[in-house]
Each structure stands twice: as structure tokens, then as C-alpha cells.
Amino acid sequence: MEERPETELISIPATPRASTPEILTPSGQRSPRAMAREAALGTAKSWTPTSFISPRFLSPIGTPMKRVLVNMKGYLEEVGHLTKLNPQDAWLPITESRNGNAHYAAFHNLNAGVGFQALLLPVAFSFLGWSWGIIALTIAYFWQLYTLRILVQLHEAVPGKRYNRYVELAQAAFGERLGVWLALFPTVYLSAGTATALILVGGETMKLFFQIVCGPHCSSNPLTSVEWYLVFTSLCIVLSQLPNLNSIAGLSLVGAVTAITYSTMVWVLSVSQQRPPTLSYEPISMPTSTASVFTVLNALGIVAFAFRGHNLVLEIQATMPSTFKKPAHVPMWRGAKVAYVFIAMCVFPVAIGGYWAYGNLMPSGGILNALFGFHNRDIPRGLLAVTFLLVVFNCLSSFQIYSMPVFDSFEAGYTGRTNRPCPIWVRSGFRVFYGFISLFIGVALPFLSSLAGLLGGLTLPVTFAYPCFTWALIKKPVKYSFDWYLSWVLGWLGIAFSLAFSIGGIWSMVNSGLKLKFFKPPS
């Protein structure tokens, strides 16, 4: 075996004895004054490190240590925070792809934030009147915009941790068990419950679209409502085969465009037609003061239900890369701001224009039902058909983004048990199963879409209360400061409103005689 050559030993010269040490700058270069003096005497020469304790040796500048530090800094800036990554996240639909950007954030937030619930706002105005209706809608809009900002900032509030899901943030703030109890039900409803309501609304709208297009030439045996629900569910299942949240960005764009378009068409068509002669702008009166109070609370619950999507904010932000130079909250907030400008352009005109056009004659189904009921013979069939078709497209798109957290939970359970990613057939099976379970619930509970006030109260903490509490508990602002007071006051107000709106929704159901007909959808 060959012997390795001996490493060359380099000796270090002894430190010269000098009465005055050389003057060195912090960068390791000699002082300009010393260099100038040596140049004048003609004794300038190159400097060689002579001691381990010299400043030149201790400074990393100009040494291999500098290259190490520069490379490490660049790595941290490019790769990002020293986040404790969960390998399972690379297998799940929400965190599988992290190439999102501000455009994707705008598409997803707009698709999640505008939907059928905005069409119910004129119903709330018919009980609140002009002044209180506009005040309530404005306060709710800016309140939820503030809590949206909080959620965006809390996504990476703790160094080394990304809260990729709403329940994870609740657990970090309230504790493992209490966080699950507080956040699980409202977030599950806002995902699975909204998906079920979308099947009901989408199926009914497809039925109306067919009636408008077919007209008097319809066959004697048209499809029933349940059959239209089945058609809509089948379309949702086909689209749900897209693997992850980033892959449905195109669908979210379609949902955003259709939401803006049909919202604009609905209020423009309503305002452009002649108003009913018996219209009045006086709030609908109740026989007793107690009934009036509960009716107002139910109307406020409808306003609160109009602002949804906060249960998806952290999930949307989880699809973005995050580095020291470019943290994820920057593109997320940029996209969210654009989205919520368009949301304001949708919900305010729908509420104000719809109430102006129909007043207290607004049916409980919302402005779309009013448009069809009052003006189905005045408006060209083509315009009505396009409006209803856009609603169908929006429901199909919204179903995908609201179902994604449920798909994520299914696959998290599978990967946690097997410690491997879901095969394609398992992933497809989960989504087919979920689609038909949602259809079954919609057929079993056909009155679900009529409970806007009650459901708005039950899910209100997700949007208006919990973000304020989590900010106070995780960021810990200075006690008795403005930020501290704002967080706790808004949080407890949100809880109080949630209880009041829920009671108002229950009372409204009882008072209006809503019959809970199980397994009896409209024919």
C-alpha cells in the first residue's frame, strides 16, 4: 500500500519585537497613515500575518471564514427560515406545492370570498333598513379585513414554524385540546357545510337555467331537483381530481371572474327594470318588540355570513414559498388586498342595488330569486340564462377550494397511518366518497341553504373573534396598550355577536314556520 505524502509544514515566523504595534483598520488593512509614513521612508513592504493574536487573524474578512459566512447568509436568504419541516406536508394537498404567488392568492381569496351568500344581503337590508344596513355592512367589511391582516401576519408568527391550517393556529393559541374544540366545528362547517350548500344552490340554478333555455319546449318529464343535484355533484367530483391547492388556481380564476360578472349583472338588471308599485323601504315590522329584536339579530347574522373565506387564509398562504428576503406574508397580503377590493365592489352594489330595486318585497331566497320572480318576462331570456350559468360555474369553482381542507384531512389520516403518500386511486376514492356524502347530506337536509342567519352566527368566531384572540395570545402585545385592548375587545364582541346571532337565527326559524323536512327536497 502506497504511503501518503507527508503534509508540508509551514512555520510561522516569530513575532518581531517592536516598541509600537502596527496600526490596523477594522477591515484588516494597514492604517493609511502608517502606509504613507513607510512610503516616505521607502521601507513599505507587503504585510504578513505574524501572530495568532493579530487583528488580521481574528477578522473573518479576507479569509476562508468570510466565504463560509457569505455562503451561509445567502443560503438562509434563499432557502428561508430555519423551519422545522414535517415530511408529511410534502404529501398533502394544501402543502404539496409551494410555488404560489400573489396572483394565486388573489384568485383563491376572491373565489372563496364571493359566492351565493352575498346574494342574500338585500334580505338583511329589508329588516335593517337603509341606515343600519349600510352601517352593519361597512363595519363587518372593515372588521373582517382587519382580522384577515392578523391571520396573514400570524402564519409565521413563531420563528421556525408555519401554521399551515386554521386549526393548527388555534391549537398554538388556545392549547392542543381547547384549540381543536373551538376551531374544528366552525371550520368543518365552513368547508363541508358550504360544499353541501353549493350542491343545493348549484343544482337548483342548473334546473332554472334549463327551464329558461328550454322554455315552453321542455319535455313532459324534466329532471327532478335531486337528479340535478346528482348532475352537479358529478361535475364537482370530476373537477376535484386536481391534486392540490395550487393546481386549482385556474378554477379559482374562473370562479373569481364569474362571481364578479354575475354579481354585477344581477344588480344592474334589477336596477334597470321598473320597480314593483307596492315597494316600500320601511323595515319589515314585527308584531312585538321581542320579535323585532330577534329579526334584526338574524339579519345581522346574514351580513356576517356574507364574509366567508377566513378559514382558508392560512391554507392559501401555505402554498407560497417563504424566505428571509421574501416572506410569504408579502405576496399573500398583496393578493388579498386586490381580492377584497373586488369583493367590496360586489357585495356593496348587490346589497344596496337589490334593496333599492325590491325594498321589503325581497323574497327570502335573495336577489336572484327576486330577479327571476319579478322580471322573468321583462328581461331577455339570453341574459337570464347567462346569469344563471355564471352562478353554476362559480358554485363549481367554489366547491373545489372549500373542499380542499377536507381532502387534506382525509389524506393526512391515510399518510399518518401508512407513512407514505396517497396513491392516485386512494386520493380519487376519497374525493368521490366526499362528493356523494355531501350530496346525501344535501338531500337529507334540503333546508340547509335557508339557515344563513343561524349559520352566520355559529361560524362568526372564525372570521371576527378567533383571529383577535390568537393575536393577543401569540404576539402578546404590551398589557393595557391600544393593541391589547383592541384585540381583546373585538374578540369578546365577536363571541357575544355569535351567541346573539345564533339565537336570532333559531328564533327566526321557529317564527317563520320553517319545516325541517328531512329527505324531502323540492321536486
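A nonpolar core is a set of buried Ala, Val, Leu, Ile, Met, Phe, Trp, Tyr and Cys residues joined through side-chain atoms within 4.5 Å. In the predicted model described here, the largest such core has 120 residues, and the members that touch the most others are Leu-137, Phe-232 and Ile-401. Phe-232 offers a convenient view into this core. Beyond its neighbours within four places in sequence, Phe-232 contacts Leu-198, Ile-199, Gly-202, Gly-203 and Met-206, and also Val-392, Cys-395 and Leu-396.

The overall architecture is quickly told. The protein chain has 17 helices and zero strands. Of its 523 residues, 48% are buried. Contacts across the sequence are plentiful in the following sense: among those between residues at least 6 apart, 82% join residues at least 24 apart.

A word on confidence is useful before turning to details. The mean pLDDT of the protein chain is 82, with 79% of its residues at 70 or more. Residues 1-42 have pLDDT below 50, and this stretch has 35 contacts in the model beyond near neighbours in sequence. Residues 44-61 also fall below 50, with 29 contacts beyond near neighbours in sequence.

Charged side chains provide the next part of the picture. Side chains of opposite charge can pair when their charged atoms come close. The structure holds seven salt bridges, and Arg-165 takes part in more than a single pairing, as the following pairs show. With Asp-89, Arg-165 forms a salt bridge whose closest N and O atoms are 3.8 Å apart. This pair links distant parts of the chain, 76 residues apart: Arg-165 sits in the loop between helix H5 (121-154) and helix H6 (166-174), while Asp-89 sits in the loop between helix H3 (64-79) and helix H4 (102-113). Both Arg-165 and Asp-89 are buried.

Arg-165 also meets Asp-408 in a salt bridge, at 2.7 Å from N to O. Because Asp-408 belongs to helix H14 (residues 381-418) and Arg-165 to the loop between H5 and H6, this pair ties together parts 243 residues apart in sequence. How buried are the two partners? Arg-165 has 12% relative accessibility and therefore counts as buried, the cut-off being under 20%. Asp-408, with a relative accessible area of 3%, is buried as well. Through shared partners, salt bridges join Asp-89, Arg-165, Glu-168 and Asp-408 into one network. Elsewhere, Arg-162 pairs with Glu-156, the closest N and O atoms being 3.9 Å apart. Arg-162 has a relative accessibility of 10%, so this residue counts as buried.

Arg-308 makes an interesting case to set beside these pairs. This residue lies in the loop between helix H10 (289-305) and helix H11 (313-317). Arg-308 is buried yet has no salt bridge, and the nearest side chain of opposite charge, that of Glu-315, is 14 Å away. What, then, does the side chain of Arg-308 make a polar contact with? One partner is the side chain of Tyr-402, at 3.1 Å. In addition, a polar atom of the Arg-308 side chain lies 3.1 Å from the backbone oxygen of Ala-112. Not counting residues up to four places away in sequence, Arg-308 touches Asn-111, Ala-112, Gly-113, Val-114, Gly-115, Phe-116 and Gln-117, together with Thr-194, Tyr-340, Ser-398 and Tyr-402.

Backbone geometry deserves a brief look too. Asn-419 is not a glycine, yet has a positive phi of about 60°. Asn-419 is found in the loop between H14 and helix H15 (424-444), and its relative accessibility of 61% means that Asn-419 counts as exposed. Lys-476, likewise not a glycine, has a positive phi of about 50°. Its position is the loop between helix H16 (452-474) and helix H17 (482-511), and at 60% relative accessibility Lys-476 counts as exposed.

The last site to describe is Ile-495, in helix H17. Ile-495 and Leu-460 are 35 residues apart in sequence, with their C-alpha atoms 7.9 Å apart in space. Leaving out residues up to four places away in sequence, Ile-495 touches Pro-461, Ala-465, Tyr-466 and Phe-469.

Note on methods. Residues numbered from 1 in each chain as written. Predicted model: local features only at pLDDT ≥ 70, side-chain atom pairs only at ≥ 80, totals over all residues. Heavy atoms only, no water. pLDDT = per-residue confidence, 0-100. Contact = heavy atoms within 4.5 Å. Buried < 20%, exposed > 50% of the residue type's maximum accessible area, 1.4 Å probe, protein only. Salt bridge = Lys/Arg side-chain N within 4 Å of Asp/Glu carboxyl O. Helix = DSSP H or I, 4+ residues; strand = E, 2+ residues; numbered from the N terminus. Lys, Arg positive; Asp, Glu negative; His and termini not counted. Polar contact = N/O pair within 3.5 Å; in protein donor to acceptor, adjacent residues only side chain to side chain.
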